[in-house]
Amino acid sequence: MSEKNREAKRTARERLAIEREKQKAGEKRRRALIVGFAVICVLALAGVIGVLAANADKDTSDTAGPVTSPSGANGDDRPAIPVGKESARSTLTVWEDFRCPACKSFEDAYRTTIHALTNSGQLKVEYHLATLIDGNMGGSGSLRAANAAACAQNSGKFTEYHDVLFKNQPPETDDNFAENTRLIELARTVDGLDTPTFRKCVEGGTHDSWVAKSNKAFQSGGFQGTPTVLLNGKNIYQDRAMTPAKLKQMVQEAAKAKG
């Protein structure tokens, strides 16, 4: 074999060796990129899982924002709007939802008696507002109406507006109270309630978080539904023999016993 041929073969082998080294280096870079990409995907997935887990711990029924209580509201853990004199010997605790048909039936039957007892100073009522129907039927009418009622409390018109809402309650499946314009329209039937301050409170959802807190207290209270009505701690709504006349008698007897 001539010297020229041997040199050509050696040069070919060297070129082949160099090409093989390039291929090996390229393969190493490819594997490194694959591993790096896999690590990034795992970290990203872990981040997503972490966010989902964090959100799962949040109570989605709560309305975001600071809790702004209406004027005169009481009860830190169980927010309530009190009606009647603090010195009254009996307390009626009422858990209600403005979209709840059974709550309307209770109000229609007992409204006159309750007003007479509170006006005479014999009974104090604590109204706790819930949004049960929003959860069951969908919509936001319970929340919007409860916020509007809390806005009316700021103007000293809670009782009147509370009664107007129940008297004009839409069918359970009709989320009519979700419309702020409807709530403001009903406010015009209460003397002195429809003011720029009231409208701003309704439209801005000033007390939404307070209502959400009240509803959370209802959910954790072990109650079976709305209305839940307690007289001096005793559930009287479950008493099938209960009537407005019997309620009046119980309140008067309690006043005598404590007096």
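**Stop 1: the sheet**

Start by colouring the strands: you should find an open sheet of 5 strands in the order β1-β3-β2-β4-β5, with mixed pairing. Keep in mind as you click around that this is a predicted model. Strands of a sheet pair through backbone hydrogen bonds, either parallel or antiparallel.

Now select β1 (81–83) and β5 (234–235), which stand at the edges. Each has a single partner strand, so one side of each is left without a neighbour in the sheet.

Stay with β5 and add strand β4 (residues 228–231). In which sense do β4 and β5 pair? The pairing is antiparallel, over 2 bridges. To see the two strands face each other, show L231, which stands opposite K234 in β5.

**Stop 2: the disulfide**

Next, select the cysteines. A disulfide is a covalent bond between the sulfur atoms of two cysteines. How many disulfides does the structure hold? There is 1. C151 is joined to C201, with 2.0 Å from S to S. This pair links distant parts of the chain: C151 belongs to helix α4 (residues 141–154) and C201 to helix α7 (residues 196–204), 50 residues apart.

Zoom in on the S-S bond of C151 and C201. The torsion about it is about -80°, so this disulfide is left-handed. Are these two cysteines buried or exposed? Both C151 and C201 are buried.

While the cysteines are showing, look at C100 and C103 too. C100 has 3% relative accessibility and counts as buried; C103 is also buried, at 0%.

**Stop 3: salt bridges**

Time to switch to charged side chains. Side chains of opposite charge can pair when their charged atoms come close. Across the whole structure, a search finds 12 salt bridges. Here are some to click on.

Select E86 and K124. They form a salt bridge, and their closest N and O atoms are 3.2 Å apart. E86 is in the loop between β1 and β2 (90–96), while K124 is in strand β3 (residues 123–129), so the pair ties together parts that are 38 residues apart in sequence. Try a surface view here: E86 is exposed, with a relative accessible area of 62%, but K124 counts as buried at 8%.

Move on to R99 and D175, another salt bridge, with the closest N and O atoms 3.3 Å apart. R99 is in the loop between β2 and α2 (101–119), and D175 is in the loop between α5 (158–167) and α6 (180–187), so you're looking at distant parts of the chain, 76 residues apart. R99 counts as buried at 3% relative accessibility, and D175 as partly exposed at 23%.

Then pick D208 and R144. How far apart are their closest N and O atoms? In this salt bridge, the distance is 2.9 Å. D208 lies in helix α8 (residues 208–219) and R144 in helix α4, 64 residues apart. D208 is buried at 12% relative accessibility, and R144 is buried with a relative accessible area of 11%. Why do both count as buried? Buried means under 20% relative accessible area, and D208 has 12% while R144 has 11%.

To finish this stop, select K104, D108, R111 and D163 together: they are linked in a network of salt bridges.

**Stop 4: aromatic rings**

Now show the rings. A pair of aromatic rings is described by the distance of the centres and the angle of the planes. The search of the whole structure finds 8 aromatic pairs.

Go to F106 and Y237, whose ring centres are 6.2 Å apart with planes at 75°, so the pair is edge-to-face. F106 is in helix α2 and Y237 in the loop between β5 and α9 (244–258), 131 residues apart. F106 is buried, with a relative accessible area of 4%, whereas Y237 counts as partly exposed at 39%.

Compare that with Y127 and F158, a tilted pair: 5.5 Å centre to centre, with 55° between the planes. Y127 is in strand β3 and F158 in helix α5, 31 residues apart. Y127 is buried, with a relative accessible area of 4%, and F158 counts as buried at 2%.

For your last selection, show W95, F218 and F223, which ring pairs link into a cluster.

Definitions and conventions:
Residues are numbered from 1 along each chain as its sequence is written. This is a predicted model: local features need pLDDT of at least 70, side-chain atom pairs count only at pLDDT 80 or more; totals for chains, interfaces and linings use all residues. Side-chain values use heavy atoms; hydrogens and water are left out. A disulfide is a pair of cysteine sulfur atoms within 2.5 Å. Helices (H or I, at least four residues) and strands (E, at least two) are DSSP runs, numbered from the N terminus. Buried means under 20% relative accessible area, exposed over 50%, partly exposed in between (1.4 Å probe, protein chains only). Two strands pair if DSSP finds at least two bridges between them. A salt bridge is a side-chain nitrogen of Lys or Arg within 4 Å of a carboxyl oxygen of Asp or Glu. Rings of Phe, Tyr and Trp (its six-membered ring) pair if their centres lie within 6.5 Å; planes under 30 degrees apart count as stacked, over 60 as edge-to-face and the rest as tilted.
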